[in-house]
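I wanted to look into the packing around one aromatic side chain, then follow it out to the core and the strands. These are my notes.

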Amino acid sequence: MESLTTGTMAGTGSFRCQACGYVVTVAATEELPPCSGCGGDQYVRASLFAGGRFQKQATESPTAEEREAVRAQARERIDAPGRYLAFELGDDLRLLRLDREWTRIGRSLAADVRFDDPTVSRRHALIVRQADGVRVLDDRSLNGVFVNEERVEWRMLADGDEITVGRYRLHFLEHTAAAIDQAGEPSGMRTP
């Protein structure tokens with residue numbers, strides 16, 4: 001597929017940034033602008049079927065060691081028993097305790113976990129807490145919801161499961177009082 005750069009008169013259509021996947025649509029007389037998602041300047045013509053939103057690229061997947069490092073870093077920050085979602089936003093590791101029955105994930109301003117990214121639908125996924133456990137539901141998203149690299153409509157979650165929403169990876173962590181006791185004092189109370 002032909003690669004285009006910022007400033008190119010590319011013709012009418014949609015073009016996908018090769019660095020982050022952001023899609024921009026231009027008219028025949030417009031030039032390709034710098035990517036709004038990452039500032040990149042390399043584009044390819046967007047297509048639903050050629051490396052587009054329905055296909056995952058192998059380079060997007062972190063290694064098992066990288067995934068475990070994120071989970072370990074998140075577990076170190078947990079200081080109370082409960083169920084949590086851990087995810088990276090830029091260079092920041094975020095930790096969200098799942099206290100409510102419903103947790104909404106999406107691009108909408110009403111989402112509890114909001115990703116302002118074109119790979120995420122406005123209403124992408126729901127995390128539902130019930131007496132029999134925690135499950136993730138696909139909330140009619142375009143790109144789907146994946147649990148441990150498998151596309152799902154809904155799935156019961158277990159400690160350590162990885163949920164993929166667009167290009168973001170969230171880790172479901174279930175932390176018990178026994179795990180805190182086993183690790184010693186909670187990380188927030190450790191003395192240097």
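I began with phenylalanine 115 and looked up its contacts (heavy atoms within 4.5 Å): leaving out residues up to four places away in sequence, it touches Phe87, Leu89, Ile105, Gly106, Arg107, Val120, Tyr168 and Leu170.

I noted that this is a predicted model, in which local features need pLDDT of at least 70, side-chain atom pairs count only at pLDDT 80 or more, and totals for chains, interfaces and linings use all residues. Residues are numbered from 1 along each chain as its sequence is written, and side-chain values use heavy atoms, without hydrogens or water.

I then looked up the largest nonpolar core, meaning buried Ala, Val, Leu, Ile, Met, Phe, Trp, Tyr and Cys residues joined through side-chain atoms within 4.5 Å, where buried is under 20% relative accessible area with a 1.4 Å probe, protein chains only. This core has 20 residues, and Phe115 is among those with the most contacts inside it, as are Ile105 and Leu170. Strands (DSSP runs of at least two residues, numbered from the N terminus) that each supply at least two core residues include E5 (82–89), E9 (125–130) and E15 (168–175); the largest share, 3 residues, comes from E15. Apart from this core lies another, of 8 residues, among them Cys20 and Leu32.

Turning to the strands, I found an open sheet of 5 in the order E8-E7-E9-E10-E13, with mixed pairing, where a pair needs at least two DSSP bridges. E8 (113–114) and E13 (154–156) stand at the edges with a single partner strand each, so one side of each has no neighbour in the sheet. E7 (residues 102–106) runs parallel to E8, joined by 2 bridges, and glycine 106 has arginine 114 in E8 as its bridge partner.

Notes
Buried means under 20% relative accessible area, exposed over 50%, partly exposed in between (1.4 Å probe, protein chains only). Helices (H or I, at least four residues) and strands (E, at least two) are DSSP runs, numbered from the N terminus.
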